[in-house]
Amino acid sequence: MNIIVLNGSPKGNLSGTLQYVAYLEKAYPTHQFETIHIAQQIKGIETNPDKFEGIIQQIRSSDALIWCFPLYYMMVHGSLKRFIELIDERDVKQAFQGKYCASISTSIHFFDHTAHNYIHAISDDMNMKYIAAFSPAMNDLLKSKGQQQLLQFGKLFLQTIEQKQITQPQFFPVQTRDFVYQNNKPKNFVDITNKKVVILHDALEQDHNLKQMLAHTRAVFGEKAEVYNIRDIEIKGGCQGCMHCGGSYRCTYEGKDDYIEFYKSKVMKADILVYAGTIKDRYLSSRWKTFYDRSFFNTHTPVLQNKQSIWLISGALDQNPNLKQILEAYHEFQEANLVGIVSDAYGTSEDIDQMIEQLCGRAVENLKDNVSRPVTFLGEGGMRIFRDEIWGGLRMVFTADHKAFRRLGYYKTFPQRSFLNFIMRVFLVPLLSIPAIRKGFNTQMKEQMVMPLKNVVAKARF
Ligand SMILES: Cc1cc2nc3c(=O)[nH]c(=O)nc-3n(C[C@H](O)[C@H](O)[C@H](O)COP(=O)(O)O)c2cc1C
């Protein structure tokens, strides 16, 4: 069989993920694997129609396809996202239709599932036959279990195709509602004296609803709110995955384009951030994706702490819980407060007006009260993955994160570092292995567990 590998790593041949495919290629020598370096060569692919058509031709005449990519901000790299947009813009989806496919990524498992969900949904949208996702940690291939799992995955992939097995789509086609939002004069205005409000968007001429939502937000906040179209910022290219930033937050693009200066002076200095975008396929635009990717010069260190933010989304957010989760998780790991998301997927024009006014008012109110919320599994789980990685295997590369995590107290969350935990482990746990003591403990357990909370409630005076 002839299998096309679409490589979504900006590192091209130096991609770690690609080594997993190379391993499969060696293990199954009767099949041919042809790799196309999509992310690395996106500029040429986009600007040279012959090159693009050549790739589509290769895909058309292949038996199956592998989406091979590193995780970038809970998604694929902005350049692979751009390629996926080109498939739609240039109307060549039929080259993918009916083809078997699978996705292979490497990552540190920080929201790897949302990236695979995205690729699965894209594949379903093109009527491909999506077989499965394979998502090892970066270095799993070094271990015999990792190798075994990869071979099992390869077998599943090849057998499914050879035996022409059936696959089921998991993402229903999106039904966009035919709704034109018309913003009205706001009923409530918000005073932003002494606050820096930055509105970032990627609206194109045709994005009517998004532009109207932006206009309404601007009217509520007034002229002092700064508005930037991220398409106007000079961005020379996507993140190259070189990790030069790991030591001291210095990006190789520094001084070469306007992105870093913009991010530092506008985004990182804002009190309130309003983000706005139109859903494109199953995510936002590739411009937004590149914008996020390039913010990696801050590596894993949160830089939006205590900011209040709002997302304005035009498109069927009601049918895209994956995107919603990505946005929520992003804010949680940045320790910023996502005040809310307004989307034109719901309500009338008046409802949307009101929703925008409400969130803008709440954002300012929140700033005054320094409002934050406890993180959910998204933020808590994500932080623990970062903490363990930066403490351990990734510390050599990300020394700047290591210093920041120490300063931010992330390492204090290691359970073994708490004195109380130590006492519990060394004295109480062995005691509880004595059946008589365990029995007494069991009968008291519910009361004992709730006691400290009850005490706080009892002592509370307002
Ligand atoms: C800008 C950037 C963003 C990343 N985002 C994520 C992420 O969201 N989740 C994750 O688990 N790993 C993330 N990673 C780690 C890479 O996915 C990981 O190093 C991958 O193995 C690189 O594969 P490659 O060598 O094929 O490019 C990110 C790395 C970079 C440079």
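Okay, one term before I start: a cavity here is a set of grid points where a 1.4 Å probe fits but cannot get out, and a residue lines it if it has an atom within 4 Å of a point. Keep in mind as well that this is a predicted model.

With that term in hand, let's take the second largest cavity. Its volume is about 40 Å³. Which residues line this second largest cavity? They are Tyr73, Met74, Tyr283, Tyr292, Ile326, Leu327 and Tyr330. By class, that lining comes out as seven nonpolar, no polar and no charged. The element that gives the most to it is helix α10, residues 321-334, with three residues.

Now the other one. Searching the whole structure turns up two cavities of 30 Å³ or more, and the largest holds about 120 Å³ of space. Thirteen is the number to remember for its lining: 13 residues, with Cys239, Gln240, Cys242, Cys245 and Cys251 lying nearest the centre. The classes here are eight nonpolar, four polar and one charged.

On to the cores. How many residues are in the largest nonpolar core? There are 85, and Trp67, Phe83 and Phe96 touch the most other members. Helix α10 turns up again, giving the most to this core with six residues. And apart from this core lies another one, of 26 residues, including Val220, Val274, Ile356 and Ala363.

If you want to zoom in on one residue of the big core, try Phe96. Setting aside its neighbours within four places in sequence, Phe96 is in contact with Leu6, Ile56, Ile59, Leu65, Trp67, Phe83, Ile87, Met126 and Met128. So you can see there that Trp67 and Phe83 are both on the contact list of Phe96.Next, His77. You'll find His77 in the loop between β3 (64-70) and α4 (78-89). Is His77 buried or exposed? Buried means under 20% relative accessible area, and His77 has 1%, so it counts as buried. A polar atom of the His77 side chain lies 2.9 Å from the backbone nitrogen of Ser79. Leaving out neighbours within four places in sequence, His77 is in contact with Gly8, Pro10, Ala39, Tyr72, Gly238, Cys239, Lys289 and Asp293. Cys239 is a name you've heard already, from the lining of the largest cavity.

Ala39 is on that contact list too, and it's worth a stop. Ala39 sits in the loop between β2 (32-37) and α2 (42-47), and at 6% relative accessibility Ala39 is buried. Not counting residues up to four places away in sequence, Ala39 touches Asn7, Gly8, Ser9, Pro10, His77, Ser79 and Leu80. The C-alpha atoms of Ala39 and Lys81 are 8.7 Å apart, with the two positions 42 residues apart along the chain.

Last stop, backbone angles. Glu335 isn't a glycine, but has a positive phi of about 60 degrees. Glu335 is in the loop between α10 and β10 (337-343), and is partly exposed at 33% relative accessibility. Asn370 also has a positive phi, near 50 degrees. Asn370 lies in the loop between α11 (349-369) and α12 (377-391), and at 54% relative accessibility Asn370 counts as exposed.

That's my tour, thanks.

Note on methods: Residues numbered from 1 in each chain as written. Predicted model: local features only at pLDDT ≥ 70, side-chain atom pairs only at ≥ 80, totals over all residues. Heavy atoms only, no water. 1 Å grid on protein atoms, 1.4 Å probe; cavity = no way out; pocket = protein on both sides within 12 Å on 5 of 7 lines; lining within 4 Å. Points joined across faces, edges and corners; volume = space filled by probe spheres on them. Nonpolar A, V, L, I, M, F, W, Y, C, P; charged D, E, K, R; others polar. Helix = DSSP H or I, 4+ residues; strand = E, 2+ residues; numbered from the N terminus. Core = buried A, V, L, I, M, F, W, Y, C linked by side-chain atoms within 4.5 Å. Buried < 20%, exposed > 50% of the residue type's maximum accessible area, 1.4 Å probe, protein only. Contact = heavy atoms within 4.5 Å. Polar contact = N/O pair within 3.5 Å; in protein donor to acceptor, adjacent residues only side chain to side chain.
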